[in-house]
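Please work through the exercises below with the sequence and the three-dimensional structure at hand. Each task is followed by a solution in steps.

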Amino acid sequence: MKVLVAVKRTLDPYVKVRVKQDQSGVDLSAAKMAMNPFCEIAVEEAVRLKEKGVATELVAVSIGSDKVQDQLRAAMALGIDRSIHVQADDELESLNVAKLLRAVVQQENPGLILLGKQAIDSDNNQVGQMLAALCGLPQATFASSITLRDGWAEVAREVDSGEQVLSVQLPAVITTDLRLNEPRYAKLPEIMKAKKKPIATFTPAQLGVTLRQHLKVLSVAEPPPRKAGVKVASVAELVDRLKNDAKVLA
Amino acid sequence: MNILIIAEHDNVSLKAATRHLVKAAAAFSGTVEVLVAGAACQGVAQAASRLEGVSRVLLAEHDCYAQQVAEAVAPLVVALMGSRQVLLAAATTTGKNVLPRVAALLDVAQLSEIVAIRDSRTFVRPNYAGNVLVTVESLDPCIVATVRTSAFEAVGEQQSAAPIDHLDASHPQTQSRFISASTLQSARPELTAARVVVSGGRGLGSAENFRLLDGLADKLGAAIGASRAAVDAGYIGNDHQVGQTGKVVAPELYLAIGISGAIQHLAGMKDSKVIVAINKDPEAPIFQVADYGLVADLFSAIPALEAAL
């Protein structure tokens, strides 16, 4: 079975976010970039499926400027066999991303599509669900375990009330949550080998997709900072403050 | 303008999130209808009909909606959006699962976790775990948005209940089968709706020690939350996780106990009205957002606090 994994290039999660002075966006000009952490989990899961003999071929896809090829190389160093790069702006809307991914799905016919549940930059949590809708496929979002059996995927989902287990018919779209696995680090020989693995490049036009703008960003700003608080010396002082200053305790 | 809200419920009770959604819907002027999709959920529909500002409840009862799987609920909602211009759901795992699927089928964008409504097309939403607020205008013919319910107040009850329309709809599907769900029963308030939240972190050291928070929560009538570190360490279930990928809360009082204050955790609680941090490390980042900080050993502070209340 072929597994398709979508990968997004985002700001490194350990780097401080800086807003541009003109409030037009986040300043990424000199920032350290990385693979979105949830996408790393999706890549890891795909690699484990191949190690178990369940998956036979792993294909990664990323959408953006030529720089996303860094993340595709990183995915291939972890065990992805080949990659697809769709050339586009770095900040595409989710629906446009989903339409481009649908075209890749139609071209590749994977048995399973894995995505991170959300990207840590836009925090949208949309693309997997939109892709499933556009392809008419079932979806299992926020996965914390995946078991493939007889053409179905049994997926434990992290939901607000605890855990829900669904079984979805393959091909299906599954989005990964934090507890699905712990991604490995790439080894140097694998990083060297990944440089020789193929990346096919397409434009949206070549995929037959017309991008459309649905949203207009008016401003990007930092939230007002919280006022610095006070240190209290004892539990008694804390209770007194909560009762008499903050008035949140009766 | 016609506004459709997807009720948050478990077939038995209407969740408090719905009250906040109705408040958000009031920012658009128009009729507010609440869709209750489920199985044997009459009581939920009745509760929804009493929410202040609700004009009508649409009740879709069928086995195919029992677990509110996206493959069944999305086509139901899409069919209803023909004559409505705004669709709102709570930014819960249910809303986040269904709404992008609806938006894609409608060929419109979806706005995630809106925290403010500037006008009927302009919204504010967080990016980068709440480190950035983006003001965005929709160019689409209809608005499809999940709402961060902690950013909106809850509506009360209205004098006379709104009418309940029974929809003769069903979308049976064979692609997705429900296997099981954990049923967690707790006498405590819902985490996202509680007036007080007591949260614990890795500083508690073990699942057994984490139970020390129970007595404190009982005294305060509080819900219990946790940092991702505490959940990953197995001290408590993931349904208690507060943070960027867990639940976002904004109670009147938030007590962070043994929580260092990683940015992912702050994203889930920094809009709380009053934040108290108890940690033995005076340099812990949680103190930067705390209104009241107590540098103390939590194993002596927790019982002392419980006794003082």
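The exercises treat the two chains, their contact, the shared sheet and the core.

The model is a predicted one, in which local features need pLDDT of at least 70 and side-chain atom pairs count only at pLDDT 80 or more, while totals for chains, interfaces and linings use all residues. Residues are numbered from 1 along each chain as its sequence is written, and chains are lettered from A and ligands numbered from 1 in the order in which they are written.

**Exercise 1. Overall form of the chains**

Describe the secondary structure, extent and burial of chain B, and then those of chain A.

Step 1. Chain B has 9 helices and 16 strands; helices (H or I, at least four residues) and strands (E, at least two) are DSSP runs, numbered from the N terminus. The radius of gyration of chain B is 20 Å, close to the 19 Å of the globule rule for 309 residues, so chain B is as compact as a globular protein of that length. That radius is taken over C-alpha atoms, and the rule is 2.2 Å times the number of residues to the power 0.38.

Step 2. The C-alpha atoms of chain B fill a box of roughly 60 × 45 × 40 Å along the principal axes. Of its 309 residues, 59% count as buried; a residue is buried if 20 or more other C-beta atoms lie within 10 Å of its own, exposed if 12 or fewer, and partly exposed in between, with C-beta atoms placed from the backbone.

Step 3. Chain A has 6 helices and 13 strands. Its C-alpha trace spans about 65 × 45 × 40 Å along the principal axes, and 46% of its 250 residues count as buried.

**Exercise 2. The contact between the chains**

Determine which elements of chain B touch chain A, and how the residues on that side divide by type.

Step 1. The contact takes 63 residues from chain B and 60 residues from chain A, where two residues are in contact if their C-beta atoms, placed from the backbone, lie within 7 Å.

Step 2. Elements of chain B that give two or more residues to this side include α3 (70-80), α4 (93-106), β7 (122-127) and α9 (298-308). The most comes from α4(B), with 8 residues.

Step 3. The side of chain B that touches chain A divides into 33 nonpolar, 19 polar and 11 charged residues. Here Ala, Val, Leu, Ile, Met, Phe, Trp, Tyr, Cys and Pro count as nonpolar, Asp, Glu, Lys and Arg as charged, and the others, Gly among them, as polar.

Step 4. Strand β9 (residues 162-169) of chain A pairs with β11(B) in the antiparallel sense over 5 bridges; strands pair if DSSP finds at least two bridges between them. Within this pair, Gln164(A) has Ala181(B) as its bridge partner. β9(A) also forms a hairpin with β8(A), with 2 residues between them, and 8 bridges join these two antiparallel strands.

**Exercise 3. The sheet built from both chains**

State the strand order of the open sheet of 6 strands, and explain why two of its strands stand at the edges.

Step 1. The order is β13(A)-β16(B)-β15(B)-β14(B)-β12(B)-β13(B), with parallel pairing.

Step 2. β13 (230-232) of chain A and β13 (223-226) of chain B each have a single partner strand, so one side of each is left without a neighbour in the sheet.

Step 3. Neighbouring strands are turned by 25° against each other on average, direction ignored. Axes are lines fitted to C-alpha atoms, for helices over the stretch in contact, and angles run from 0 to 180 degrees between N-to-C directions.

Step 4. At one edge, β12 (residues 196-200) of chain B is joined to β13(B) by 4 bridges, and Ser199(B) has Gly225(B) as its bridge partner. Helix α6 (residues 235-244) of chain A lies across β13 of chain A together with β15 and β16 of chain B, running at about 170° to β16(B).

**Exercise 4. The core around Val5(A)**

Place Val5(A) in the largest nonpolar core, and trace the strand pairing that starts from it.

Step 1. This core has 190 residues, and those with the most contacts inside it are Val5(A), Ile5(B) and Leu35(B). A nonpolar core is a set of buried Ala, Val, Leu, Ile, Met, Phe, Trp, Tyr and Cys residues joined through C-beta atoms within 7 Å.

Step 2. Beyond its neighbours within four places in sequence, Val5(A) is in contact with residues including Ala42(A), Leu58(A), Ile80(A) and Leu114(A). Leu114(A) is also its bridge partner in β6(A), where β1 (residues 2-6) of chain A pairs with β6(A) in the parallel sense over 3 bridges.

Step 3. In β6 (residues 112-116) of chain A, 5 of 5 residues are buried. Leu112(A), Leu114(A) and Gly116(A) cover one side, and Ile113(A) and Leu115(A) lie on the other.

Step 4. β6(A) is further joined by 5 bridges to the parallel strand β10 (residues 172-176) of chain A, in which Val173(A) stands opposite Ile113(A).
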